Amino acid sequence: YQRRVRGKEGVDGPIEEYREQYAEMRKRLDIRDTRRVDMDRFFREYLKALEAPSHDRRRVIAKQRTYEAARDAYVLLNNELLDDLVKLESDRESMSSALMARLVAVQTQTLRETQRCLQDVMPALPRSGPSSAGVSLLGTVITSDDETAAAHGTDYIAFNEAGLGGSVTVAEVEEEPKESEEEIRARERAAAARAAGGRVISSPPAAASGAPAAPAKGAAKQRKQVKALYDFAATDTDELSFKKGEILTVLDEDGEWWEVQNAAGERGQGPENYLKPL
């Protein structure tokens, strides 16, 4: 098939020949443009010779003949190009039709040869049932539709209920703790306060065992220890960062922000509702 399509005798040949004609026309157009420039230059030299005070007749005749030769060469090539361009344009449709006809002929011949090859091969192919050549037709060898692991698609609950996923079921998988609405609101308010440059503390994330009890207000100030319920990252220079479970010493517990000190002796403000008295 490739041999019939490619080459001069195929479909590619006429197309390439047609393209070569346009490339040749481009070269001839360049030559035509050069001749026009020369013709104009020789004409100016001829006029200059006529207008010269000395007016050498032999020089004038020589310039005239040079100009006329350049003019005739330009006109001849220009007329030829105009005719050839019209021919190429007119030949495009007929050339396309001829190429299509040749392509159809190539396709038809290829299909016929393929059919003949298949007819030659068919007698050697095994028929249905055991063949005399000892070739047997095999049935389905892949996992059956009833046993395939793809039976339930993306229904993973049905997949586990069918016992295809092992001994662990969906009910046995511990759910990942989710962030409560109170935790979300506390985080959003803290972010808004930091963006505004202030310090506003709302309820912290609810602990798994329930919300921590708030320390009694107005009690006598004393050095007591608290345990951090959640991680806290300082956003101001007077705040103290701490990790969940860290033990801190309370230096001042007035208001919503307590002054605390860690084991390294660093002090700073921390939100009281992130702390649980020991």
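This report walks through some salt bridges and a strand sheet in the structure above. Keep in mind that you are looking at a predicted model.

**Salt bridges between two helices**

Let's start with charged side chains. Searching the whole structure turns up 11 salt bridges. Three of them are set out here, with the distance between the closest N and O atoms.

| Basic residue | Acidic residue | N to O distance |
|---|---|---|
| Arginine 28 | Aspartate 84 | 3.7 Å |
| Arginine 32 | Aspartate 33 | 3.0 Å |
| Lysine 63 | Glutamate 45 | 3.2 Å |

Take the pair of aspartate 84 and arginine 28, whose side chains form a salt bridge. Arginine 28 sits in helix 2 and aspartate 84 in helix 3 (residues 57-121), so this pair ties together parts that are 56 residues apart in sequence. How accessible are the two partners? Aspartate 84 has a relative accessibility of 18% and counts as buried, because buried means under 20%. Arginine 28 has a relative accessible area of 28%, which makes it partly exposed. Both residues also belong to a salt-bridge network, where they are linked with Glu24 and Glu80.

Now look at lysine 63 and glutamate 45, which meet in a salt bridge as well. Here lysine 63 comes from helix 3 and glutamate 45 from helix 2, so the pair ties together parts that are 18 residues apart in sequence. Glutamate 45 is partly exposed, at 28% relative accessibility.

**A closer look at arginine 32**

Where is arginine 32 found? Arginine 32 belongs to helix 2, which covers residues 12-51. Its salt-bridge partner is aspartate 33. Is arginine 32 buried or exposed? With a relative accessible area of 18%, arginine 32 is buried, while aspartate 33, at 27%, is partly exposed. Leaving aside residues up to four places away in sequence, arginine 32 touches Tyr74, Leu77, Asn78 and Leu81.

**The five-stranded sheet**

Further along the chain you can find some strands. In general, strands of a sheet pair through backbone hydrogen bonds, either parallel or antiparallel. What is the order of the strands in the open sheet? Its five strands run in the order 4-3-2-1-5, and the pairing is antiparallel. At the edges are strand 4 (267-271) and strand 5 (275-277), each of which pairs on one side only. From one strand to the next, the twist averages 50°.

For a detail to find on screen, try strand 3 (residues 257-261), which pairs with strand 4 over five bridges in the antiparallel sense. There, glutamine 261 stands opposite arginine 267 of strand 4.

Note on methods. Residues are numbered from 1 along each chain as its sequence is written. This is a predicted model: local features need pLDDT of at least 70, side-chain atom pairs count only at pLDDT 80 or more; totals for chains, interfaces and linings use all residues. Side-chain values use heavy atoms; hydrogens and water are left out. Helices (H or I, at least four residues) and strands (E, at least two) are DSSP runs, numbered from the N terminus. Buried means under 20% relative accessible area, exposed over 50%, partly exposed in between (1.4 Å probe, protein chains only). Contact means heavy atoms within 4.5 Å. Two strands pair if DSSP finds at least two bridges between them. Axes are lines fitted to C-alpha atoms, for helices over the stretch in contact, and angles run from 0 to 180 degrees between N-to-C directions. A salt bridge is a side-chain nitrogen of Lys or Arg within 4 Å of a carboxyl oxygen of Asp or Glu.
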